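Work through the exercises below with the sequence and the coordinates at hand. Each task is followed by a solution in steps.

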Amino acid sequence: MSGDPQLFNRLFGLLNQLRPGDRIKPEERRTGPVWTTSGKKHVFLTSDLSNGVSERLRLPIPQKQGILLITIDAPAGGWNVTGYQHPFGPYGFGLDIVDISAEVKFPSKLPQTFLDDFDGVCVVGDNAADVRYHLVRTGLFDLIKRRIGEGFFYVGVNAGAILAASDLSHVLRAGGKTRGLGLIQKTVLPFAEIPQVKYAIDVLNQQFGGGEEATYLGIEKGQVAHFKDGLLEIR
């Protein structure tokens, strides 16, 4: 979702003074958050990474000690916001950051082994169409789809949450069918507490299906939608 020039800073306020290419070592975990239960396919969707969200994620137990954070929105000077705390550190994960919009560094398809050192990916961004373009351009779009279900997990933040759906046509207002990652069947709209977004979700669900089978799922700020092997939990 775009239109608010300050949205990026609000979304990623926890990422302080980080630049693409940085690697953050896991923090020592003393009283970390609850682990999620076992399963082959885990998809975590949220509007932002604000206070309390990382505890509600309940990520799987680390196996390779790493999460790859994929963005196209990294400012030239990095995330220079005070109060940084690595949001995945309490789980014991390290964090690598790549800005795939840097076409000089990522000019073409990445190797099939690009994700092999990671337990999962976190895709963040403001504009879902732009993020999708660069995921497709670099080959990460199909690579992420292939890895999910092999114990690899997906964390989608804002645009990353939107892209988890199968069909993005109505969200991106694109002609014809625009393919999402297909990790879930529902279409996700972050920041559902905003009146305009809530109204849009209500209208769309009346048009395309409501109740438990609602086609459009709204996620409010601070909420996490967890899809585990086809089952949905909101927390």
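Rings of Phe, Tyr and Trp (its six-membered ring) pair if their centres lie within 6.5 Å; planes under 30 degrees apart count as stacked, over 60 as edge-to-face and the rest as tilted. The model is predicted: local features need pLDDT of at least 70, side-chain atom pairs count only at pLDDT 80 or more, and totals for chains, interfaces and linings use all residues. Residues are numbered from 1 along each chain as its sequence is written, and side-chain values use heavy atoms, with hydrogens and water left out.

**Exercise 1. Aromatic pairs**

Task: Find how many aromatic pairs there are, and describe those that involve Phe153.

Solution.
- Step 1. Applying the ring rule gives three aromatic pairs.
- Step 2. One of them joins Phe44 and Phe153 edge-to-face, with 6.2 Å centre to centre and 90 degrees between the planes. Phe44 belongs to strand S2 (residues 42–46) and Phe153 to strand S6 (residues 153–158), so the pair links parts of the chain 109 residues apart. Strands (E, at least two residues) and helices (H or I, at least four) are DSSP runs, numbered from the N terminus.
- Step 3. Phe93 also pairs edge-to-face with Phe153, at 5.6 Å centre to centre and 70 degrees between the planes. Phe93 sits in the loop between strand S3 (66–71) and S4, so its pairing with Phe153 in S6 ties together parts 60 residues apart in sequence.
- Step 4. Phe44, Phe93 and Phe153 therefore make up one aromatic cluster by the ring rule. Phe44 and Phe153 are both buried, as is Phe93. Buried means under 20% relative accessible area, exposed over 50%, and partly exposed in between (1.4 Å probe, protein chains only).

**Exercise 2. Salt bridges**

Task: Count the salt bridges and place the partners of Asp116, Asp202 and Glu233.

Solution.
- Step 1. A salt bridge is a side-chain nitrogen of Lys or Arg within 4 Å of a carboxyl oxygen of Asp or Glu. This rule yields six salt bridges.
- Step 2. Asp116 pairs with Arg147 at 3.3 Å, N to O. Asp116 is in the loop between S4 and strand S5 (120–125), and Arg147 is in helix H4 (residues 140–147), so the bridge ties together parts 31 residues apart in sequence. Asp116 is partly exposed at 33% relative accessible area, whereas Arg147 is buried at 9%.
- Step 3. Asp202 pairs with Lys198, the closest N and O atoms being 3.4 Å apart. Both lie in helix H7 (residues 195–208), four residues apart, which means a separation of about one helical turn. An α-helix has 3.6 residues a turn, so residues three or four places apart point the same way. Asp202 is partly exposed at 36% relative accessibility, and Lys198 is partly exposed at 47%.
- Step 4. Glu233 meets Arg235 at 2.8 Å, N to O. Salt bridges with shared partners join Arg58, Glu233 and Arg235 into one network. Glu233 is partly exposed at 36% relative accessible area, while Arg235 is buried at 13% relative accessibility.

**Exercise 3. A buried acid**

Task: Which side chain of opposite charge is nearest to Asp99, and how far away is it?

Solution.
- Step 1. Asp99 is part of strand S4 (residues 94–99).
- Step 2. Lys and Arg count as positive and Asp and Glu as negative; His and the chain ends are not counted. The nearest side chain of opposite charge is Arg137, 7.6 Å away, and the buried Asp99 has no salt bridge.
- Step 3. The side chain of Asp99 does make a polar contact of 2.5 Å with the side chain of Ser101. A polar contact is a pair of N or O atoms within 3.5 Å; within protein, one must be able to donate a hydrogen and the other to accept it, and residues adjacent in sequence count only if both atoms are side-chain atoms.

**Exercise 4. Helices H3 and H4**

Task: Which residues of H4 are buried, and what do they pack against?

Solution.
- Step 1. The buried residues of H4 are Leu140, Phe141, Leu143, Ile144 and Arg147.
- Step 2. These residues pack against S3, S5, S6 and helix H3 (128–138), where contact means heavy atoms within 4.5 Å.
- Step 3. Among the buried residues of H3 are Val131, Leu135 and Arg137. At the start of H3, a side-chain oxygen of Asn127 comes to within 3.0 Å of the backbone nitrogen of Ala129.
- Step 4. Gly139 follows H3 with a positive phi near 85 degrees, and Gly149, just after H4, has a positive phi of about 105 degrees.
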